[in-house]
Amino acid sequence: MHPRRPEGFDGLGYRGGGREEPGPGARPFGSASELGHWVTSPPDIPGSRNLYWGEKTPPYGAGTPQGAAGFNEEPNFGAGGPGAEQLNRFAGFGIGLASLFTENVLAHPCIVLRRQCQVNYHARNYHLTPFTIVNIMYSINKTQGPRALWKGMGSTFIVQGISLGTEGIISEFTPLPRELSHKWNLRQIGGHLLLKGLTHVVAMPFYSASLIETVQSEIIRDNPGILDCVKEGIGRVVGMGVPHSKRLLPLMVLTLPTALHGVLHYVISSIVQKLVLFVLKKDDSHNLPAESSTSVQSMLDAYFPELIASFAASLCADVMLYPLETVLHRLHIQGTRTIIDNTDLGYEVLPINTQYEGMRDCINTIKREEGMLGFYKGFGAVIVQYTLHVAVLQLTKIIYSTLLQNVS
């Protein structure tokens, strides 16, 4: 039975002036050079297969040995069969998902306790070590249930979405660059940092609403809706919604500390991430893998340096900016009539009745009344948070190593 095809069908799309009919002595394609004459490469789409602007996809079979990875191709982690290839394909996704889960879900109780300790100027116990933090987390969980440790988690995702959307819209309608090119200059860096600062300023009222949901005690807290963070943020801008006290600071007073904290956090994390990646890649270049290296080691070398660099960047930025974050949270929470948990006992509530006039007055008051360690209240929660992060990364590494070894 012969296949049905139109008379004018040109097969594989020969790029010639006319259609050539195979003669009696014609032979099938037998070499890569003949096949490359007939097969056309797909058009290059910027952003596909990790192509950078101006780069072209190499022609079929050119410049890359058979079985080796090209410049923009994913590395081949070894011939372990279809199962190993499929596992390698989703290894990066799974490892990244585990890191994302740790940062935003598993670490959220630490963020809740950390913020409550920062805004609690009544506290006698500063919780500078992880041992006291774990003890107070157990007490709150025992008296209020596990829900008290995960409160406000939905609003944190909303704030992150608003920040990403704002950054995209501003970069689309303004000349401010969202990403730095390889040939950056001071003007481009200034525009990029300005974009980051504007993004934090736009998300500022929603961040205040999310902060209130995070530190508000579960004992007197109603069940909030998913979009209450958005409603409260808009109400903060237009001056409507939940009534506040006269000590509520205007948004203009909060603009400088909010933008300063956001930009400094981005700058510090970016610098640390670049330095860590440079050191890790330099070490990898001195320790080139042998021919007998397994697909396990190739996968770990490909995915884990990025996660380690991101972890170190976040840790350094959080530690260095912790005093500024304490001041920022106290200014945001002032005048909102928020009642928090007693972080000394774990079973009582306390009102927030501060009267700071601004950023400078807040710094001087904390230094005078609580000492220099007052800026680091709740620092033990940071230690617990990043200890959990390290544990999850190490556990994920062990699981993927075991799976790949079994498959291969």
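The exercises below, each with a worked solution, concern aromatic rings, cysteines and a surface patch in a predicted model.

**Exercise 1.** Determine how the rings of phenylalanine 311 and tyrosine 386 are arranged, and where in the chain the two residues lie.

*Solution.* A pair of aromatic rings is described by the distance of the centres and the angle of the planes. The structure holds 4 aromatic pairs, and in the one formed by phenylalanine 311 and tyrosine 386 the centres are 5.6 Å apart, with 65 degrees between the planes. Because planes over 60 degrees apart count as edge-to-face, the pair of phenylalanine 311 and tyrosine 386 is edge-to-face. As for location, phenylalanine 311 belongs to helix α11 (residues 295-320), while tyrosine 386 belongs to helix α14 (residues 379-407), so that the pair links parts of the chain that are distant, 75 residues apart. The last step concerns accessibility: residues under 20% relative accessible area count as buried, and therefore phenylalanine 311, at 15%, is buried, as is tyrosine 386, at 8%.

**Exercise 2.** Classify the pair formed by tyrosine 322 and tyrosine 376, and decide for each residue whether it is buried or partly exposed.

*Solution.* Here the centres are 6.1 Å apart and the planes form an angle of 5 degrees; since planes under 30 degrees apart count as stacked, tyrosine 322 and tyrosine 376 make a stacked pair. The pair again links distant parts of the chain, with tyrosine 322 in helix α12 (residues 322-333) and tyrosine 376 in the loop between α13 (359-369) and α14, 54 residues apart. Tyrosine 322 has a relative accessibility of 0% and therefore counts as buried, whereas tyrosine 376, with 30%, is partly exposed. Both tyrosines also belong to one aromatic cluster, which is formed by Tyr322, Tyr376 and Phe379.

**Exercise 3.** Find what sits over the ring of tyrosine 266.

*Solution.* The charged end of lysine 196 is placed over this ring, at 4.6 Å from the centre of the ring of tyrosine 266.

**Exercise 4.** State how many disulfides are counted, and describe the accessibility of cysteine 117 and cysteine 229.

*Solution.* A disulfide is a covalent bond between the sulfur atoms of two cysteines. With a cut-off of 2.5 Å between cysteine sulfur atoms, the count comes to 0 disulfides. Cysteine 117 has a relative accessible area of 2% and is therefore buried, and cysteine 229 is buried as well, with 1%.

**Exercise 5.** Name the residues of the nonpolar surface patch that includes Ile219, and locate isoleucine 219 in the chain.

*Solution.* The patch is formed by Ile219, Ile220 and Val349, which together have about 240 Å² of accessible area. Isoleucine 219 lies in the loop between α8 (204-215) and α9 (228-238).

Note on methods. Residues numbered from 1 in each chain as written. Predicted model: local features only at pLDDT ≥ 70, side-chain atom pairs only at ≥ 80, totals over all residues. Heavy atoms only, no water. Patch = residues over 30% accessible without salt bridge, like charges linked within 9 Å, V, L, I, M, F, W, Y side chains within 5 Å. Areas by Shrake-Rupley, 256 points an atom, 1.4 Å probe, with all protein chains shown as cover. Salt bridge = Lys/Arg side-chain N within 4 Å of Asp/Glu carboxyl O. Helix = DSSP H or I, 4+ residues; strand = E, 2+ residues; numbered from the N terminus. Phe/Tyr/Trp six-rings, centres within 6.5 Å; stacked < 30°, edge-to-face > 60°. Buried < 20%, exposed > 50% of the residue type's maximum accessible area, 1.4 Å probe, protein only. Lys NZ or Arg CZ within 6 Å of the ring centre and 35° of its normal.
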